[in-house]
Amino acid sequence: MGRDAPRHQSSITTVDMIVGTLTLQPAPERHDDVLEVLRSIQGPVLAQPGCTAFRIYEEQGPDRAVVLVERWDSEETLDAHLRSEAYRRILAAIELSGAPPEVCFDYVSASEGMELIERSRNRPSGTHERD
């Protein structure tokens, strides 16, 4: 596909960030190996242009999933990351997983913090700002 061809139909006109989430279900004997791979590239990935977050989480419970959350400031910087040596290592971690990974890239055009919670909690029940 050429660079000028649309890759997807979307109503998004501007992208403030892209959040990538990778959930792995490593076999118990590979769990520490997966974490080691991801931790070994955390610093180098954070140093890549456009990376604003690279967080590794371990879910509690019987499955003990490993969750990687990355945040990128543009599609161009994400694309460069996906082609990088560091991402090759992420693909290697996926290979260590005992089940197919869950992969999701969310295009985020706005985000809010505590102000959303405060606004929602201070609004009378049953009303919405768009009403």
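**Exercise 1. Find the salt bridge between Arg 39 and Glu 58, and work out which parts of the chain it ties together.**

Start with the pair itself: Arg 39 and Glu 58 form a salt bridge, and their closest N and O atoms are 3.4 Å apart. Keep in mind that you're looking at a predicted model. The cut-off to check against is 4 Å between the side-chain nitrogen and the carboxyl oxygen, so this pair makes it.

Next, place both residues. Arg 39 sits in helix 1 and Glu 58 in strand 2, so the bridge ties together parts that are 19 residues apart in sequence.

Now look at accessibility. Arg 39 is partly exposed, at 49% relative accessible area. Glu 58 is partly exposed too, at 34%.

**Exercise 2. Which residues are joined with Arg 39 into one network by shared salt bridges?**

Step one: look for another partner of Glu 58. Arg 64 forms a salt bridge with Glu 58, with the closest N and O atoms 3.7 Å apart. Arg 64 is partly exposed, with a relative accessible area of 37%.

Step two: try a pair elsewhere. Asp 79 and Arg 83 meet through their side chains in a salt bridge, at 3.2 Å from N to O. Here Asp 79 counts as partly exposed at 21%, while Arg 83 counts as exposed at 66%.

Step three: put the shared partners together. Arg 39, Glu 58 and Arg 64 end up in one network. Across the model, the count comes to six salt bridges.

**Exercise 3. In what order do the four strands of the open sheet lie, and which strands are at the edges?**

Read across the sheet: the order is 2-3-1-4, and the pairing is antiparallel. That puts strand 2 (51-58) and strand 4 (102-108) at the edges, each pairing on one side only. Neighbouring strands are turned by 10 degrees against each other on average, ignoring direction.

Then zoom in on one pairing. Strand 1 (residues 17-24) and strand 4 run antiparallel to each other and pair over seven bridges. Gly 20 stands opposite Phe 105 in strand 4.

**Exercise 4. Which strands do helix 1 and helix 3 touch?**

Take helix 1 (residues 31-46): this helix packs on the sheet and touches strand 1, strand 2 and strand 3 (66-72). Its direction makes about 165 degrees with that of strand 2.

Now helix 3 (residues 85-95), which also packs on the sheet: the strands touched are strand 1, strand 2, strand 3 and strand 4. The direction of helix 3 makes about 30 degrees with that of strand 1.

Key. Residues are numbered from 1 along each chain as its sequence is written. This is a predicted model: local features need pLDDT of at least 70, side-chain atom pairs count only at pLDDT 80 or more; totals for chains, interfaces and linings use all residues. Side-chain values use heavy atoms; hydrogens and water are left out. Two strands pair if DSSP finds at least two bridges between them. Helices (H or I, at least four residues) and strands (E, at least two) are DSSP runs, numbered from the N terminus. Axes are lines fitted to C-alpha atoms, for helices over the stretch in contact, and angles run from 0 to 180 degrees between N-to-C directions. Contact means heavy atoms within 4.5 Å. Buried means under 20% relative accessible area, exposed over 50%, partly exposed in between (1.4 Å probe, protein chains only).
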